[in-house]
Amino acid sequence: MGNILYNNIVIESAEELVPFISIASLNRKELCVNLLNETPQVDKYLSDRFGNKYEFCLKAREGIVIVLNELRLKPDDVVTILTTTGNSYISGCVTKAIEKVCRWSREFTPHTKAIFVNHEFGYAYENVSELKKYNLPIIEDCAHSFFTQSPDIGSVGDYVIYSLPKGFSMQLGGIIVYRNKLNYKCPVQIVKYIKSALEPQIGQIALFVKKRKENFNYYLHSLKDLGVYPYFKSKEGDVPGAFMFVWPECKDYRRLKLFLNENGVDSSVFFGQDAYFIPVHHNLSINEIDYICLLIHYFKEEINNKL
């Protein structure tokens with residue numbers, strides 16, 4: 001059909017005119033194209049936060065491989081994955097990275113040689129320190145949790161991995177924080193890109209956090225008439241990496257995913273649970289959030305009610 005007008009938004013527009021609203025916080029107007037010779041704000045921030053126990057990497061998923069190799073894991077060894085929710089769903093970015101080195105499991109096995117804790121979407125896995133009782137290396141996956149300030153995030157792991165594009169406007173970059181040593185050095189050109197991209201943004205973290213929380217609350221207000229409610233119970237220090245919600249009246253989350261993605265909204269089902277997630281990052285405009293909310297209202301009126 002195409003070109004449906006609904007409350008002044010266009011649904012099913014021509015392919016070349018479909019907008020794209022990403023889960024990642026990349027603002028294309030802020031693309032880093034100039035390498036800076038000096039990055040004093042980045043150097044100070046990272047030094048204050050991580051001391052000298054950190055190293056950049058190309059991507060967070062590459063960081064996983066680097067850490068597992070650092071631990072000298074063998075192909076038959078197992079990495080046991082734990083998550084904030086305990087849900088069966090794990091991103092393929094994580095599992096495929098682990099599979100480059102060894103095996104993974106959601107349970108502890110006799111072959112478990114490391115524990116991988118996934119702090120999902122900015123929400124902490126509680127009581128990470130209790131995992132020390134296993135006397136195994138602990139890897140904390142903070143891909144979506146750079147901004148979250150919680151004693152349960154980043155303070156216990158032998159290695160902590162961050163994905164910078166999930167928090168900042170940049171196209172690549174990860175950070176590996178380590179407790180003892182790391183026999184890896186990031187290529188100089190990648191380091192220059194990461195630090196140059198971070199320099200104009202690092203001083204705005206408080207603003208980014210405030211905006212993400214405001215966007216989260218704006219979604220709640222705009223979708224409350226549909227019976228939507230948050231999947232996570234927020235605690236002090238949590239900063240959302242996505243707007244994860246439960247919609248009891250939604251009859252088919254997979255159909256919702258197809259519809260939203262066809263209309264330019266990067267989003268997905270939280271497989272294994274009756275939940276869904278959409279962008280919430282600080283670079284979203286109110287118009288973009290309104291667009292997403294109107295799409296969901298349209299889905300309810302024109303698609304969900306007919307399923």
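In what order do the strands of the open sheet stand, and how many of them form this sheet? I looked this up first and found seven strands in the order E3-E9-E8-E7-E6-E4-E5, with mixed pairing; strands here are DSSP runs of at least two residues (E) and helices are runs of at least four (H or I), numbered from the N terminus, and two strands pair if DSSP finds at least two bridges between them.

I note that this is a predicted model, in which local features need pLDDT of at least 70 and side-chain atom pairs count only at pLDDT 80 or more, while totals for chains, interfaces and linings use all residues. Residues are numbered from 1 along each chain as its sequence is written, and side-chain values use heavy atoms, with hydrogens and water left out.

**Sheet.** I checked the edges, which are strand E3 (54–57) and strand E5 (103–105), each pairing on one side only. From one strand to the next the twist averages 25 degrees. Inside the sheet I followed strand E4 (residues 78–83), which pairs with strand E6 (residues 112–118) in the parallel sense over six bridges, and there Thr80 stands opposite Ile115 in E6.

**Two helices.** I then turned to helix H5 (residues 205–223) and helix H7 (residues 286–303), whose axes come within 10 Å and cross at roughly 35 degrees; axes are lines fitted to C-alpha atoms, for helices over the stretch in contact, and angles run from 0 to 180 degrees between N-to-C directions. Among the H5 residues in contact (heavy atoms within 4.5 Å) I found Tyr218 and Leu223, which belong to the group that meets residues of H7 including Ile289 and Cys293. The residues of this contact divide into eight nonpolar, three polar and one charged, where Ala, Val, Leu, Ile, Met, Phe, Trp, Tyr, Cys and Pro count as nonpolar, Asp, Glu, Lys and Arg as charged, and the others, Gly among them, as polar.

**Pocket.** I looked up the largest pocket (on a 1 Å grid over the protein atoms alone, an open set of points with protein on both sides within 12 Å along at least five of seven lines; lining residues have an atom within 4 Å of a point). Its lining has 34 residues, of which Arg61, Ser91, Cys93, His144 and Lys166 lie nearest the centre. I sorted the lining by class into 18 nonpolar, 10 polar and six charged residues. Helix H2 gives the largest share of the lining, three residues.

Definitions and conventions: On a 1 Å grid over the protein atoms alone, a cavity is a set of points where a 1.4 Å probe fits but cannot get out, and a pocket is an open set with protein on both sides within 12 Å along at least five of seven lines; lining residues have an atom within 4 Å of a point.
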